[in-house]
Amino acid sequence: RRLFEMLVPNKLQQDACFIVMGSEGRSEQILPTDQDNALILRDGRDVEPIMPACCAITGALIDIGYPRCPGEIMISNPSWVLTQSAFRARLSQWIASSSNDDVMNLAIFFDAEAVAGDEHLLSDVKAAVFEEAASSDAFCARFASAINAFPVPIGMFSRLRLDRSGELAGTLDIKKGGVFPIVHGIRALALQNKLTTTPTLNRIEALVDLRTIDERFAREVVEAFRFMCTVRAECGLAAIDCGMPATNRLRPDTLTHIDQEILAESLQVVVRLRRLVGQKFRLDLLGL
C-alpha cells in the first residue's frame, strides 16, 4: 500500500485497485515468495499512463525481498493491468477454456484481495466472475480436478513416499503433496458455494456453516493444514539459515518421531479431502 501511494500519481489512485493474489491474498504467506499481483483500472481509464508506476512498484518489491514471478503475474506485465471490463472478459475466456494454465490463473485470482486504491473495482469484477464460474457445473468440476495435480506422498500403512534418487532423495514436497490439495480443495468448494472470503480457514468455517463439510472432519483438515504450514515454514527458514533459498522440500528424518506420525496422519487427511472433493464434483464419473 505504501508503494502504491508513493509511486502512483494521485489522480490515478482513485481509479485503480492494486490487488495481491495467491497466498498473499489468502493472508497465508509466511516467508516472502514470488510476486502475484495485478491492477484493475476503472472503465474509461487508459493503461499506458500508469505502466511506469507499475514497473516501479514491481522493481521496489524485488528490492524489498519479494522475488519476480516466473510466470510474470505482476503489474509490470500489461496482461495483468486491465480495466474492469477487460478483466471480466479475460476471466470469462479462462472460464471457457480447458487449459490447465487458465484454470490455475483463475485459482490465483479467486484468492485476490485489495491492498490499495478503490476496492470496489475488485468486488465488482469478482462478483461477476463468481456468478459465471459457479453457475457452470462443468467448469466447477474442471476447476476442482486440479486437486489431483500432484500425488499425495503417503502409501499403504501410512508410510511416507519419498523421492529415491538424485539430490531430492529422502525428501518430499510438502507444498505440492500436502498444503496445495487442502488450499485448492477448499477453494473449489468455496467457489461452488459462492463464498467470497479468501483465507482457507475462513472458507472451512463457512463451509461447515453451510454443512458442506462435516464439523469433525473440518477440525481434522484445519489441524493438518496448520501443521503442514508450520513444517513448511520451518523447512524454509532452515534453508535460509544455510544461505539457500527457501524450499518446500521436507526431509522427514529431521522431524521427531511424533512429528513424523503427525505428518503421516495429516497426509491421510489430504487423501480423504481429495476423495470428498471427488465425490462432490463427481470427478470419477467425468473422468477428471
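Good morning. Gln 84 is a buried residue, with a relative accessible area of 12%, and I shall begin there. Please keep in mind throughout that we are looking at a predicted model.

Where does Gln 84 sit in the chain? It belongs to helix H5, which covers residues 84-96. If we set aside the neighbours within four places in sequence, Gln 84 touches two stretches of residues, as you can see in the structure: Ile 40, Leu 41, Arg 42 and Asp 43, and then Leu 121, Asp 124 and Val 125.

A second residue may be set beside it. Ala 116 is part of strand E4, residues 113-117. Is Ala 116 buried or exposed? Its relative accessible area is 7%, and because values under 20% count as buried, Ala 116 is buried. Beyond its neighbours within four places in sequence, Ala 116 is in contact with Arg 1, Phe 4, Ala 16, Cys 17 and Phe 18. Between Ala 116 and Gly 65 there are 20 Å in space, measured here in the sense of C-alpha to C-alpha, and the two are 51 residues apart in sequence.I now turn to the packing of two helices. Helix H8, residues 137-144, lies against helix H9, residues 174-192, at an angle of about 170°, and the axes are 9 Å apart. An angle over 145 degrees counts as roughly antiparallel, so H8 is roughly antiparallel to H9. Which residues make this contact? H8 contributes Phe 139, Cys 140, Phe 143 and Ala 144, while H9 contributes His 184, Arg 187, Ala 188 and Leu 191. By class, six of these residues are nonpolar, one is polar and one is charged.

Next, the backbone. Most residues other than glycine have a negative phi. Two residues here have a positive value. Ser 158, which is not a glycine, has a phi near 60°. Ser 158 lies in the loop between H8 and strand E5, residues 172-173, and with 35% relative accessibility it counts as partly exposed. Arg 211 likewise is not a glycine, and its phi is positive, at about 65°. The loop that holds Arg 211 runs between helix H10 (200-209) and helix H11 (215-241). At 76% relative accessibility, Arg 211 counts as exposed.

Finally, the pockets. How much space lies in the largest pocket? The value is about 1,300 Å³. Its lining consists of 47 residues, and those nearest the centre are Asp 34, Asp 36, Lys 175, Phe 180 and Arg 232. Helix H3 (22-25), helix H6 (100-110), H9 and H11 each give two or more residues to this lining. Sorted by class, the lining of the largest pocket has 22 nonpolar, 13 polar and 12 charged residues.

The second largest pocket has a volume of about 370 Å³. It is lined by 16 residues, of which Cys 235, Thr 247, Arg 249, Leu 250 and Arg 251 are the closest to its centre. At least two lining residues come from H11, and at least two from strand E6 (249-250). Which element supplies the largest share of this lining? That element is H11, with five residues. In the lining of the second largest pocket, nine residues are nonpolar, three are polar and four are charged.

To close, I would ask you to find H11 in the structure once more, as it contributes to the lining of the largest pocket and also to that of the second largest pocket. Thank you.

Notes:
Residues are numbered from 1 along each chain as its sequence is written. This is a predicted model: local features need pLDDT of at least 70, side-chain atom pairs count only at pLDDT 80 or more; totals for chains, interfaces and linings use all residues. Side-chain values use heavy atoms; hydrogens and water are left out. Axes are lines fitted to C-alpha atoms, for helices over the stretch in contact, and angles run from 0 to 180 degrees between N-to-C directions. Helices (H or I, at least four residues) and strands (E, at least two) are DSSP runs, numbered from the N terminus. Angles under 35 degrees count as roughly parallel, over 145 as roughly antiparallel, 65 to 115 as roughly perpendicular and the rest as oblique. Contact means heavy atoms within 4.5 Å. Ala, Val, Leu, Ile, Met, Phe, Trp, Tyr, Cys and Pro count as nonpolar, Asp, Glu, Lys and Arg as charged, and the others, Gly among them, as polar. Buried means under 20% relative accessible area, exposed over 50%, partly exposed in between (1.4 Å probe, protein chains only). On a 1 Å grid over the protein atoms alone, a cavity is a set of points where a 1.4 Å probe fits but cannot get out, and a pocket is an open set with protein on both sides within 12 Å along at least five of seven lines; lining residues have an atom within 4 Å of a point. Grid points are joined across faces, edges and corners, and a volume is the space filled by probe spheres set on the points.
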